[in-house]
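Welcome! Please take a moment to look over the structure below before reading on.

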Amino acid sequence: MAQTDMDSGDEGGGGGEPEVIVQASVLGGFTESTEVQALISSLPEVHQKMVTRESAIQRFLVIMNRYQEQPHLLDPHLEWMLNLLLEVIRSEQSPPLLVHLGFKFLYIISKVRGYKVFMQLFPHEVADVQPVLDLLCRQDPKDSATWETRYMLLLWLSMTCLIPFDLSRLDGHLTSDPSQAREPIMDRILAVAKSYLMVTDKSRDAASVLVSKFVTRPDVKLRRLADFLDWSLSSISQADDQTMEGTVILDGALQSLASVCVSSAPVVLQCLERRGLAESSQATLRKLGVKLIQRLGLTFLKPRLAKWRYQRGSRSLVANLSLSQPGSAVDAVTPDQETQGHEEDYDIPEEVENVIEQLLGGLKDKETIVRWSAAKGIGRVTGRLPKELADEVVGSVLDCFSFHETDNAWHGGCLALAELGRRGLLVPSRLPEVVPLILKALVYDEKRGACSVGSNVRDAACYVCWAFARAYEPTALKPFVTQIACALVITAVFDRNINCRRAASGTFPHGIEIVVAADYFAVGNLTNCYLAISVYIASFPEYTRPMIDHLVSMKINHWDGVIRELATKALHKLTAQAPDYMTTTVLPQLLPVAIGIDLQGRHGALLACAEIGHALYILASENNRGFGGELMRPAMCALIEKMSLSKLPSKDDPVITGWQWLIDDTLKSLHLFSAGPRDNIKVNTHLYAWLADGETDSGLKSPEVLTRCGSALALGSLPRFMISGKLDRVNHHLLISIVDLRGFIVIGYDTFSLSLRVCVTAGVSAQGSTDSVVCEGNVSMIYRALLDCLSDYTLDSRGDVGAWVREAAMTSLMEVTLLVVDTAPQLLSPDLVNGMMCSLAQQSAEKIDRYRAHAGSVFLRLLHKDHPPVPHIPHKEELLTIFPPEGAGTLNWKAPSQAFPHITQLLRMPQYQYHTLLGLTVSVGGLTESTVRFSSQSLFDHLMLIQRDPDAMGHFSETLLRVFRDNLRNDRVSIPFLKMLDQMLARACFDTFTTEQDHPFCVNLLALCTNEIKKSKDVQKLRSCIAVFCGLIQFQGNVRVKVLFQLLLLLCHPFPAIRKVTAGQMYEMLLTFDDVIDPSVMEDVMNLLSDTDWAGDIATVRTHRNQLCDWLGVPKPQLVAKVVV
């Protein structure tokens, strides 16, 4: 169960995570044993070359990682794998690199199976101690590439320490010079362990394992334990946790002490108190401190199971099965029954109180790992205390749930209660006091700035409920089942955090039905939880009112606007379950909130009144306290809409005038609203009947742009009967508004998408009037406006915001075209259809996944339309071959690997080639790696197919030049075009042109590139053009001299960075194309390019540049004197 410290707002817009289908991959055995055996046997041959060595490691990792979830399947094979690898390691012919590779394989196995199981297989005879220790001493602790070797050797050495002989007996077998002093093996091992407790890699963990095995040996414990404790305590006292070195020292010392059964616990405890680890800034150190303190606490208490603990059933499976037979009763061992027996009393040392106090402080730590360790420590220590003292500990834990405590204390308290309950240390008599606190924890949510904290508390509270359900008999929990079940259902359905919803989805009354509806994946979608699952659960009477009460009290005033809106929509749907309760209880509670001073509460209450009012067909509150800008105006408009849908009030009611004024004023203020609230401002037909009196376009004539925008939005929402007879005039002003609002891109997008619905609303008739329907007289004007908007590439600080307009234009094109085809297909001329399909093809080849997918879906929708089909589609038969109808549903346009191989096939068709190549240009020359890779590969595949077709290559090159010429100085296209061109030249895509002297393609391309960078200060564009110039050097004729002239000109560019890049690119160019210059001066040219400081003084650089001009036979560029007027 995930524990998080802060609610990150994982679901915006109520979308939540997409539903996924999980297929269990259950393995039956270690099927790759033969391959692994061959892989290990091949290590002596593959270890020398890096490529083969890395390939073997990667393959072994892939195989072993398959068994991460089922590591027990490796158990029958661990021994032979270990023996094979140890044979390689022990061989005297094995070089160090091969030995390290063998240990790396051993580490991979131990990581998957777990070191505690795997290390037991290491040979641990007397003869193994000395070789392992010697090999470990020869390692370099600072070599980061061989840490796996040291890690595994430390584990191996820890196993050899288990030999049942006094280590001093081995000292006589040491072979050394008699004149030199010999160090005992015991001291050597202890020195190695101490040294590796201070390293920064994972070997430190293995060293702590070695200490736990070695220091607890009887002979070592007698002779060296005191010295080791002194060293550890000295390290803890002197280390500075504010430095990296001090943190590592503290970590190693604490790990070693935590792994040793300490006999001098009071001394260690005093040292920890003086050190003050609880105030350390390092979470790992605080966690290790808590872990060590709890183990010290256990040494003060007798190792026993508390006789007073609550036990459900029996610890024997046989006894439980026999008691489960009919006629047998399974009784829990209650504290009342146990206290009748004799309980051994003994004195509790004073240090235990200090230990418990520090563990209780750990429950309030700011890091989850520390709180979790403290909670487990509370459970372990409490299990050894007498009943009275244990009850005091429980009381101290309950103090964590005070209103003045932080969310960290609540979270730690929940974890501690779960541990106590799971161990039977929370007696049933405490449940009436504990359950209300858990219910509060299940809804704990505190706002902090722009987000909230409490998701980890709610998650832990769900864990407490899980632990209680398994710890207590049903009779003990029966009084609290309804409360806990309602709270869990509410959390499972209405919690903002997905982890909390999934943690709470468990077993309740009507559990099978609810769990089926609210399973792990169903609760992943927040909107589905509020609007679907909640309705089903509310059909069970036990949950209806608690769910409604929770929404009213906790969610309609929530800090997240998305939650408020979903809560009000959920109240609308839940009204049918309890209409009387809504009328008599809920609405009277909401009305005071709707006129209160809390803006968020007023917003939620107003929306709730609107939704409930619409569901009940009654009038909600009329006395609203102001409009509150972005929050209140959309809420008021929603209230008016729902009242109108409910036919309340009547048309002649005086309140209509006020509503009309509010809507008019809101339409003029749309620029104040963000996209979400603006979408909620809808216009009701009752309030715009006045438009039929000749004032339809009055708002569109306003001198204020924002007023015209609001009026356009209103017109886009009108029904057909109000547009009839005025369509011509409305369309004229709407199209003018769309042009005017291009600068107001967000508002223009809404205006565009809504206002063009007028055409769909009006309908189509071939012989109709332009004032009433879409007909022959206005269809061209409408399509011209739509196609013009497909060229909107407006940029601002947010990026390509013109994409919103293009998306709306594509949607409108599809809707209008389908309407025209179904009604009067003769209105569509070949030119209109050709322009539409080509523009859609261009959008389908561009770089933004979302809009490429939208364009592709529209393109295929029109292509596959039949009964009747869209007429005059160019190359329709070839298109259907590329995009067959049966494969349309499986083509993922958002995936570049699937989209571009299909769309580049349109380059074969003359009518689509220009627009497709224009779209591909921004993709191939873009920034996204996957888009660039797959688009460029698809383009180059097409070029390879037409290499041997001179006509096709000629037509393609002409189209390429036309794209460049039409977008000259248009950085959106020209810079990606230069990048694409560089890739084409590097891949020799124009080899067929390089054999001809001064080929027109190269001459024209050079002229366009020169014109593009003329007086340009764009470094990115200049760098791209330099690369293109270097690629053009492959062409023959006088054009080569012109290319060299441009490059030499750039060698004296005012920007030093450009001069350096040019020199570097020229150096690489001359290495690649060695026929460019005379071989006699080649070495001089290369030395000058590489040795000159091209970022230095411009006068010096110009001298070197002129020298290059002489060697290359290129005219020297002449300085042009500035004319002073």
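What follows is a short tour, from the whole chain to a charged patch and then to one histidine.

Keep in mind that this is a predicted model. The chain holds 57 helices and four strands. It has 1125 residues, and 52% of them count as buried. Its accessible surface comes to about 51,000 Å², with 53% of that belonging to carbon and sulfur atoms. Contacts often reach far along the sequence: of those between residues at least 6 apart, 72% join residues at least 24 apart.

Now to the surface, where a patch of negative charge brings together E273, E350, E353, E357, E388 and E392. Which helices each supply at least two residues of this patch? They are α18 (350-362) and α20 (387-398). The largest share, three residues, comes from α18. E273 is another member of the patch, and this residue sits in helix α14 (residues 265-275).

Is H854 buried or exposed? H854 counts as buried because its relative accessibility is 19%, under the 20% cut-off. For E273, the value of 40% means that the residue counts as partly exposed, a class that lies between the 20% and 50% limits. Here are the two residues side by side:

| Residue | Helix | Relative accessibility |
|---|---|---|
| E273 | α14 (residues 265-275) | 40%, partly exposed |
| H854 | α44 (residues 849-863) | 19%, buried |

What does H854 touch, leaving aside residues up to four places away in sequence? Its contacts are E807, M810 and T811.

How values were computed
Residues numbered from 1 in each chain as written. Predicted model: local features only at pLDDT ≥ 70, side-chain atom pairs only at ≥ 80, totals over all residues. Heavy atoms only, no water. Patch = residues over 30% accessible without salt bridge, like charges linked within 9 Å, V, L, I, M, F, W, Y side chains within 5 Å. Areas by Shrake-Rupley, 256 points an atom, 1.4 Å probe, with all protein chains shown as cover. Salt bridge = Lys/Arg side-chain N within 4 Å of Asp/Glu carboxyl O. Lys, Arg positive; Asp, Glu negative; His and termini not counted. Charge placed at Lys NZ, Arg CZ, Asp CG, Glu CD. Buried < 20%, exposed > 50% of the residue type's maximum accessible area, 1.4 Å probe, protein only. Contact = heavy atoms within 4.5 Å.
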